[in-house]
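Work through these exercises with the sequence and the model side by side. Try each task before reading its solution.

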Amino acid sequence: MDVTTILILLLVGAIATYFSGDKLASKVALFFSVATLGVSLYLLNEFSKGETINYLGEWMEYPKVYLALQADGLSMLMVLLTTALTPIIIFSSLGNTYSNAKSFYALVLFMSFAMTGTFLAVDGLLYYIFWELALIPIYFIALIWGNGDADKRKKAVVKFFIYTLAGSLFMLVAFAYLYQKTNNFLLGDFFNLRLSATEQFWIFAAFFLAYAIKIPLIPFHTWQAKVYQKAPTVGTMLLSGIMLKMGLYSVIRWQIQIAPQAAKTLMPYLIGLSIAGVIYGSIIALRQKDLKKLLAYSSLAHVGLIAAGCYTLTLDGLNGAVYQMIAHGFVIVGLFFVAEIIHRRYETREISAMGGIRSQSPKFTSLFMILVLASVALPGTYNFVGEFTVLYSLSQVNIWFAVFGGTTIILGAYYMLKMFQNVMLGETNTKVFASITTNEIITLVIIIAFLLFFGLYPKPITDLVNPAIKDILIHINR
Amino acid sequence: MQTLIAISALGVFCLLAEIFNLRKALVPVTIVGLLAILGITLNLWSIDSSIDEQYKSMIVFDKFSAGFSSLFIILTIFLIALSHDVYKDHQTKISDFITIKVFLLAGAVAMVSFSNLSMFFIGIEILSIALYILAASKRLDLKSNEAGMKYFLMGSFASGIILFGICLIYGATGYFDVAEIYALSQGAGLPIWFPIGITLMIIGMLFKIAAVPFHFWAPDVYEGSPAITTALMSTLAKVVAMATLYKLLSGLTVGLTYNFEIIIVIVSIASMTVGNIMALRQKNVKRMLAFSGISHAGFMLMALLSLTNAASTLLYYTSAYALAGMASFAVIIYVTKNKDNEDIINFNGLGKTNPLLAAVLTASLLSMAGIPIFSGFFAKFMLFTQTIKAEYLVVVIAGVINSIISVGYYFKLILAMYTKEATEEKQATPFVYYAVGVISIVLNIIIGLYPSLVTNLIN
């Protein structure tokens, strides 16, 4: 069994979901996503035993494209993130009813398929195809099942699509340029190119455009908040939980490895830009009135810090970035789910319309509190491990980076706790808050359990990622 | 040669069918006939030796011709299949229309397999005259008449320029024969008429493919003509003209000089940009696709920058473009069948009333916009790599920016289908629209997954 099994299972799952009809669709999708999680855990086991689970086959003669799928510790972890979050996301959506559910869940699984492919591909064109394929389902999910005024939503979603496509097309030009030097797209062959400093600079810039828009880094973030707000919660979770990790992952896998010289030269600017994003996102988040938008800006701040970690090009920075990607993926999905739980009951996302939920639903309040604390990186949660490692690596580069990056903790605590206060505490709300269902509890508990377990015992993830990052560093310092 | 003879014979048969009152059987018989001809052509291609046969130095049927002819035949099959429903109310004229289309195909095949400039000119005239008739084929419709007249005036002007170019080349070299001209063009000492003649021919062909600045006829003619003729113009006619331009330039000259290439670069970038920016503002789908066709012409012109080895890339791009165009027109013809215009509003809510056709149209638009896994993506990618190799990075950058712009208007149509409420009930859908739409988009995806199916035809 190799990694193609995961991809095939997800693709078959998407097709099966589509043909299972509207009533069964969510269950079929859930079944296939759980099965995929099972397979990827099995593959993780094989992988840690040292079995080879890669796949290499020829796809096209001209242009020379291989079906090259390779799992190292980093890819494996990202695949696990995808396959673990997909069932959680689908499970969390069971409380909602969607029109034309069969298409909806088929698109979710298809998107999961494309994202998994992105994390596994080591052939440039194959990777690019997966990367673009992931865009189409989320476009339709946000467009058709999104909320709010149709015209505004359309504008936001089309802007998102054109923005991301624009970025990735420049990446495609970079690949085309590399291709006519190597005559194939294999990542390994790109390493052997002796690119001049100018070449590296332009290739780095082309990749940067694609990733900076996807992650997003300022000033390329303008699509983000509106799309997060307008998309249905499932779409928002997919976007914030997994899809933006595609950008961060790609920085590590492609950008800094193909053009390490440029990455080193530009390092201070890149880190500076990322940290500017941290501060900017935090400050904007302080002033948000819409719960989903607030979470969107908090996400902007967090990914800024992760990107800063990636661009330090040090072992700690890269490790921390990866930890934080996983932690952020889980916590943001949990937080958006909380927003959804409230929305199911109050039909609003305005923070001012909430408040006083605590006395009505103490269980929900405690779960929410833990998520908020995890989000602000309280020791004991996995987010702390990630954030601390990144900040430590930033201080190794330049202490001021760490100082400014560290504001994320202070500002984050400020806007998250303020939000929590406004949403949950205060006088008992006049509107009835129907008690939280078992499904909702299960979803939140799974997420929290994950964050706490690895917060206290991070070794398994560390052991998985560390060797892969060391390999990557060898390529960077070649 | 067999292909050309067989197509002409089929055309004559279609005319006779009218006399013997076989109108009902006409469409199926023609399709079967064309499939048989497609078989012959592909067979010619696989027997390698017979392929370079010369026929009195008028026709050379090489791999290039075989590849493109096959594409033309496939497109014609789709067009004729659609004709059956489109001309339902004009049963008495159906054989005329089908005959004209078959003869048009004959002209198209002649245009990609000539080895003598007179043959080339005969081919282009057969194709153009058939197109003038088809553009004006809605006899009682003022717009159609206007389109036909406009196209005829502008087209015959372009033909005149081409003919003048041929004369100048003859004056300079003393030959009509392509091989002889090629041999002479390698030596020095050709009079100035020779490059002037070539330039005039290029101008005439740029007119035919509707590249900027010779594009002004396209939007009006596309809009005014009956939808099925627009489908023919934007898929078959455009592809034929592009293939012919490529064949002319690679056949007559050793290679373009630097100055010529710069002109191609400018025309290419201008076509892409003007076409795309104008398309953004269109409300009428046919007009929008006319402008999108102009921008695609700009993309295809990139192939001329690497003249020696771009034939397979060009065939791939044209196949991807034409198949996507055919799929989209199958849907457009269906949607606008009983409407007096083709505004985007007519597509509102198609995603709900007819999900399959909406999906076909979405897929074809995504292919034209160059999104993987549709073949439009690989087509663009191959063109980009080839052009980077030819060291014209600036055209590639312009192409990329234009791909982004083009998403804007392709998505306007997709948005209309999926986010707007339908204005009317689902209308009855004849099977043929599904068949043509689905088959062409499936072919599009198949050559997307296996590009070598097409690229190996010529390489």
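The exercises below go from whole chains to single residues and then to the contact between chains.

This is a predicted model, in which local features need pLDDT of at least 70 and side-chain atom pairs count only at pLDDT 80 or more, while totals for chains, interfaces and linings use all residues. Residues are numbered from 1 along each chain as its sequence is written, and chains are lettered from A and ligands numbered from 1 in the order in which they are written.

**Exercise 1. Describe the build of chain A.**

Step 1. Count the elements: chain A has 19 helices and 2 strands. Helices (H or I, at least four residues) and strands (E, at least two) are DSSP runs, numbered from the N terminus.

Step 2. Check the compactness. The radius of gyration of chain A is 21 Å, close to the 23 Å that the globule rule gives for 478 residues, so chain A is as compact as a globular protein of that length. The radius is taken over C-alpha atoms, and the rule is 2.2 Å times the number of residues to the power 0.38.

Step 3. Look at the extent. The C-alpha trace of chain A spans about 70 × 55 × 45 Å along its principal axes.

Step 4. Look inside. Of the 478 residues in chain A, 59% are buried. Buried means 20 or more other C-beta atoms within 10 Å of the residue's own, exposed means 12 or fewer, and partly exposed is in between; C-beta atoms are placed from the backbone.

**Exercise 2. Do the same for chain B.**

Step 1. Chain B holds 19 helices and 2 strands.

Step 2. A compact globule of 459 residues would have a radius of gyration near 23 Å; chain B has 21 Å, which agrees.

Step 3. Its C-alpha trace covers about 70 × 55 × 40 Å along the principal axes. Buried residues make up 59% of the 459 residues in chain B.

**Exercise 3. Is Leu239(A) buried or exposed, and what does it touch?**

Step 1. Find Leu239(A) in helix 11 (residues 233–258) of chain A.

Step 2. Leu239(A) counts as buried because it has 24 C-beta neighbours inside 10 Å.

Step 3. List the contacts, that is, residues whose C-beta atoms, placed from the backbone, lie within 7 Å. Leaving aside neighbours within four places in sequence, Leu239(A) is in contact with Ile138(A), Val227(A), Tyr228(A), Ala231(A) and Leu244(A).

**Exercise 4. Test the length of helix 11 of chain B, then find its packing partners.**

Step 1. Helix 11 (residues 258–280) of chain B has 23 residues; at 1.5 Å a residue it should span 33 Å, and its end C-alpha atoms are 33 Å apart, which agrees. The expected span is 1.5 Å times one less than the number of residues.

Step 2. Pick out the buried residues, among them Ile264(B), Val267(B), Ser268(B) and Met272(B).

Step 3. The buried residues of this helix pack against helix 8 (193–208), helix 12 (285–301) and helix 17 (393–419) of chain B.

**Exercise 5. Which helices of chain A touch chain B?**

Step 1. The contact takes 25 residues from chain A and 22 residues from chain B.

Step 2. Helix 5 (124–133), helix 6 (135–145) and helix 7 (150–182) of chain A each supply at least two residues of the chain A side.

Step 3. Helix 7 of chain A gives the most, with 15 residues.

Notes
Two residues are in contact if their C-beta atoms, placed from the backbone, lie within 7 Å.
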